Amino acid sequence: MSVTVVLGTQWGDEGKGKLVDILAADIDVCARCAGGNNAGHTIVVPIGPERVKKTFAFHLLPSGLVNPKCTGVIGSGVVVHVPSFFAELEALETQGLDCTNRLFISDRAHLVFDFHQIVDGLKEVELGGSSIGTTKKGIGPAYSGKASRSGLRVHHLFDPTFPDKFRRLVEGRFKRYGHFEYDTEGEIVRYKALADRLRPYVIDSLVYIHGALSSGKKVLVEGANALMLDLDFGTYPFVTSSSTAIGGVCTGLGIPPKLIGKTIGVVKAYTTRVGGGPFPTEQLNDTGVHLQEVGREYGTTTGRRRRCGWLDLVVLKHSTLINGYDCFNLTKLDVLDALPEIKVGVKYLVDGKELAGFPADLDLLAKVEVEYVTLPGWNTPITEITSYDALPENCRKYVEFIEGATGLPVEWIGVGPGRDSMLVKPPNPGPNFKLATTQRN
């Protein structure tokens, strides 16, 4: 029995969905373990006998559902906004994706209500200039309710006392934020109908997943967000409200560590982030604009522009220490095609001294000077290339530099948006490619 895990190594939006989609072709169960519909995975796949390419946007549902033989499970650690669940499901089915009898939700998952989304916006207003830049999907307030033991879970929808519990929950928010406009009684009626509709999807996910593993089925866990947005190890407080690290897989699905067989870190060939917070290698210049426009760096969930910068090895090594990746999937390498030179952040310096790791103190992080290694570009389109050996030499050197610096192999390389634009890299002895050129910023 073993579980494969796919996690984001940076600040999210690395392209985890495409790898999950590819791996799910040989997987029986694809599970989400944390987060909510603040996640965003875009997958481009050929559908039907005509093989017409369609783009599917996933937020709450596991993106392995694109593969018709894969069952999707939304685990206990996820927070679920039921109307969004059905809206997303309907959108996928309208595009020709049949999810009948292969999509389930844990009865222990906590619920996100519309008042959580209202509170999310009110909290951001309270923070003013220090706002975190949340998606305003109500994720933070729902997790806050979970932590304070005042939240409601999926199974509560079927409890006769749900109306009373819901009223008390809303009244508590009114006491904290003032009496904002909200139809409590109307929501109770709405959720009674939603509960009846949701019932066929609700399971004891712990029993289901362990039953699948015991019967020899393969389970793939799809991480949401990424390590640098982790509540404990990310750039707190500019983070999400759940554990996006490997620990969230165990707590969000009830899977013990010994059942995790392979952990894959998805790395964008450069770095992006959405919302506020520190970003040491951010490029507020023509390079940043190039990455943003060529990479189509707009959020799947929010449509917001993503901030862009060079690949940051300090972030990647910090992420690797925590998640213990076995290998990497390097994505969006083609976005770098037209750049004459490419930089990689390799060290953080403060007053000329190298920091031992990624600092917890954001005031200290604001002072860091990034040391870069500069590598030559390849100035050649790579989107049509189908094998690693056919990549331009400088392109391969860039990949091998990352391997040498991290000590981990890159097993997959994304060279375009489609399912067929993923190269499988043959194993090598771990090259130690270095360039003498370094610059400080």
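**Reading a cavity, helix packing and two backbone features**

Colleague: Which strand and which helix each supply at least two residues of the lining of the largest cavity?

Modeller: Strand E8 (110–111) and helix H4 (139–147) each do so. Please bear in mind that this is a predicted model.

Colleague: Which of the elements gives the most to that lining?

Modeller: Helix H4 gives the most, with three residues.

Colleague: Which residues line the largest cavity, and how do they divide into nonpolar, polar and charged?

Modeller: The lining consists of His110, Leu111, Phe113, His116, Ala142, Gly145, Lys146, Gly151, Leu152 and Leu169. Of these residues, five are nonpolar, four polar and one charged.

Colleague: How many cavities of 30 Å³ or more does the structure hold, and how much space lies in the largest cavity?

Modeller: There is one cavity of 30 Å³ or more. The space in the largest cavity is about 40 Å³.

Colleague: I should like to turn to helix packing. By what are two packed helices described?

Modeller: Two packed helices are described by the angle between their axes and by the distance between those axes. As a case, consider helix H5 (residues 162–177) and helix H6 (residues 184–198): their axes come within 10 Å and cross at roughly 140°. H5 is therefore oblique to H6.

Colleague: Why does an angle of roughly 140° not count as roughly antiparallel?

Modeller: Because roughly antiparallel is reserved for angles over 145 degrees, the pair H5 and H6 falls into the oblique class.

Colleague: Is the crossing of H5 and H6 left-handed or right-handed, and which residues meet there?

Modeller: The crossing of H5 and H6 is right-handed. From H5, the residues Phe162, Pro163, Phe166, Arg167, Val170 and Phe174 meet Thr184, Glu185, Glu187, Ile188 and Tyr191 of H6. This contact of H5 with H6 comprises seven nonpolar residues, one polar and three charged.

Colleague: At what angle do H2 and H6 cross?

Modeller: The axes of helix H2 (residues 82–94) and H6 cross at roughly 50° and come within 10 Å. H2 and H6 are therefore oblique to each other, and their crossing is left-handed. On the H2 side, the contact involves Val82, Pro83, Phe85, Phe86 and Glu90, and on the H6 side Arg190, Tyr191, Leu194, Arg197 and Leu198. Seven of the residues in the contact of H2 with H6 are nonpolar, none is polar and three are charged. Tyr191 of H6 appears in the contact with H5 and also in the contact with H2.

Colleague: How do H10 and H12 pack?

Modeller: Helix H10 (residues 313–323) and helix H12 (residues 393–406) have axes 11 Å apart, at an angle of about 50°. H10 and H12 are thus oblique to each other, with a right-handed crossing. Leu313, Leu316 and Lys317 of H10 make the contact with Phe401, Ile402, Ala405 and Thr406 of H12. The residues of this contact of H10 with H12 are five nonpolar, one polar and one charged.

Colleague: Finally, let us consider the backbone. Which residues does a cis peptide bond join?

Modeller: Tyr236 and Pro237 are joined by a cis peptide bond, with omega about 10°. Pro237 belongs to the loop between strand E10 (219–222) and helix H8 (246–253).

Colleague: What is the phi of Arg149, and where is Arg149 found?

Modeller: Arg149 is a residue other than glycine with a positive phi, near 60°. Its place is the loop between H4 and H5.

Definitions and conventions:
Residues numbered from 1 in each chain as written. Predicted model: local features only at pLDDT ≥ 70, side-chain atom pairs only at ≥ 80, totals over all residues. Heavy atoms only, no water. Axes fitted to C-alpha atoms, helices over the stretch in contact; angles between N-to-C directions. Helix = DSSP H or I, 4+ residues; strand = E, 2+ residues; numbered from the N terminus. Parallel < 35°, antiparallel > 145°, perpendicular 65-115°, else oblique. Left-handed = near helix turned anticlockwise from the far one by under 90°. Contact = heavy atoms within 4.5 Å. Nonpolar A, V, L, I, M, F, W, Y, C, P; charged D, E, K, R; others polar. 1 Å grid on protein atoms, 1.4 Å probe; cavity = no way out; pocket = protein on both sides within 12 Å on 5 of 7 lines; lining within 4 Å. Points joined across faces, edges and corners; volume = space filled by probe spheres on them.
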